[in-house]
Amino acid sequence: MSLIPVADRMLRSFWWRRRALALRALGLLQDRSHTAALVAALDDSHAEVRAAALDALADLADPASLQALVVRMHDASLCCGRRAAAIAAFGCECEPFLLELANVDLPRRYTYARVLTLCGSERARPALCEWTEDPRTDVRAAAFKRSGMSGSDTRAAHLAIDALESGDVRVRAMAAYRPSWLGRSG
């Protein structure tokens with residue numbers, strides 16, 4: 001007996017525990033034919049079902065769900081840690097979309113910089129260097145945290161050294177955070 005027909009029935013259940021169990025099973029079974037159902041469950045009325053949908057999407061890591069996850073990273077009805085884990089499951093696949101959104105959605109750039117800490121690569125460095133000069137201190141601090149974690153770059157090093165003189169404690173701390181630009185590994 002296949003578990004997928006059982007999970008299909010449970011997805012339509014009145015009982016939230018059954019819906020959550022079905023979502024987790026579909027994620028573990030790596031059944032990409034149900035990606036749309038997993039994404040739709042992010043709107044379920046019960047928080048545990050929404051959490052199970054995030055867990056299942058993280059397990060599934062279907063590129064078809066990536067944009068829906070990134071767009072929902074600001075959704076306060078979804079567990080913050082689970083949102084981050086679901087996006088991080090894709091690794092640097094989501095980086096181009098994050099950078100594109102960050103250029104359009106300026107008020108939420110801080111969140112994009114934080115997410116890039118989880119899944120960014122060298123491709124994000126030019127944008128992060130630009131963000132270190134953002135007028136908002138939280139964006140600058142998050143950009144320094146990420147840029148300090150991704151290898152050495154002369155421009156990033158100069159920006160970080162200049163930021164050590166910043167009037168904001170968070171910016172100074174993140175500029176000094178894990179100074180890989182100095183050739184240290186730690």
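**Loop residues with positive phi**

I began with Gln30, which I found in the loop between helix H2 (16-28) and helix H3 (35-40), and I kept in mind throughout that this is a predicted model. Gln30 is not a glycine, although its phi is positive, at about 60 degrees. I then looked up its accessibility, and at 42% relative accessibility Gln30 counts as partly exposed.

I noted a positive phi at Ala61 as well, here about 50 degrees, and again the residue is not a glycine. Ala61 sits in the loop between H4 and helix H5 (66-71).

**Nonpolar cores**

I turned next to the largest nonpolar core, which has 45 residues, and asked which of them touch the most other members. They are Leu42, Leu69, Val70, Leu98 and Trp131. Helix H4 (residues 47-60) supplies the largest share of this core, with eight residues.

I followed Val70 further and listed its contacts, leaving out residues up to four places away in sequence. On that basis Val70 touches Ile87, Cys94, Phe97, Leu98 and Leu101. Leu98 therefore appears twice in my notes, as a contact of Val70 and among the residues that touch the most other core members.

I also recorded a second, separate core, which has nine residues, including Phe144, Ala160, Ala163 and Ala175.

**Helix H11**

I then went to helix H11 (residues 154-163) and wrote down its buried residues, which are Ala156, Ala157, Leu159, Ala160 and Ala163. Seen down the axis of H11, these buried residues fall within an arc of 165 degrees, so they line one face of the helix. On the other side of H11 I found Thr154 and Asp162, both exposed. Two of the buried residues, Ala160 and Ala163, are ones I had already entered as members of the second core.

**Cysteines**

My last check was for disulfides, and the count comes to zero. For Cys80 I looked up the nearest cysteine sulfur, which belongs to Cys79 and is 6.9 Å away; a disulfide would need the two sulfur atoms within 2.5 Å, so Cys80 is in no disulfide.

I compared the surroundings of two cysteines by asking whether each is buried or exposed. Cys80 has a relative accessible area of 46% and is partly exposed, whereas Cys129, at 2% relative accessibility, counts as buried. The cut-off behind this is that buried means under 20% relative accessible area, so the value of 2% places Cys129 among buried residues.

Methods. Residues are numbered from 1 along each chain as its sequence is written. This is a predicted model: local features need pLDDT of at least 70, side-chain atom pairs count only at pLDDT 80 or more; totals for chains, interfaces and linings use all residues. Side-chain values use heavy atoms; hydrogens and water are left out. Buried means under 20% relative accessible area, exposed over 50%, partly exposed in between (1.4 Å probe, protein chains only). A nonpolar core is a set of buried Ala, Val, Leu, Ile, Met, Phe, Trp, Tyr and Cys residues joined through side-chain atoms within 4.5 Å. Helices (H or I, at least four residues) and strands (E, at least two) are DSSP runs, numbered from the N terminus. Contact means heavy atoms within 4.5 Å. The arc is that of the directions from the helix axis to the C-beta atoms.
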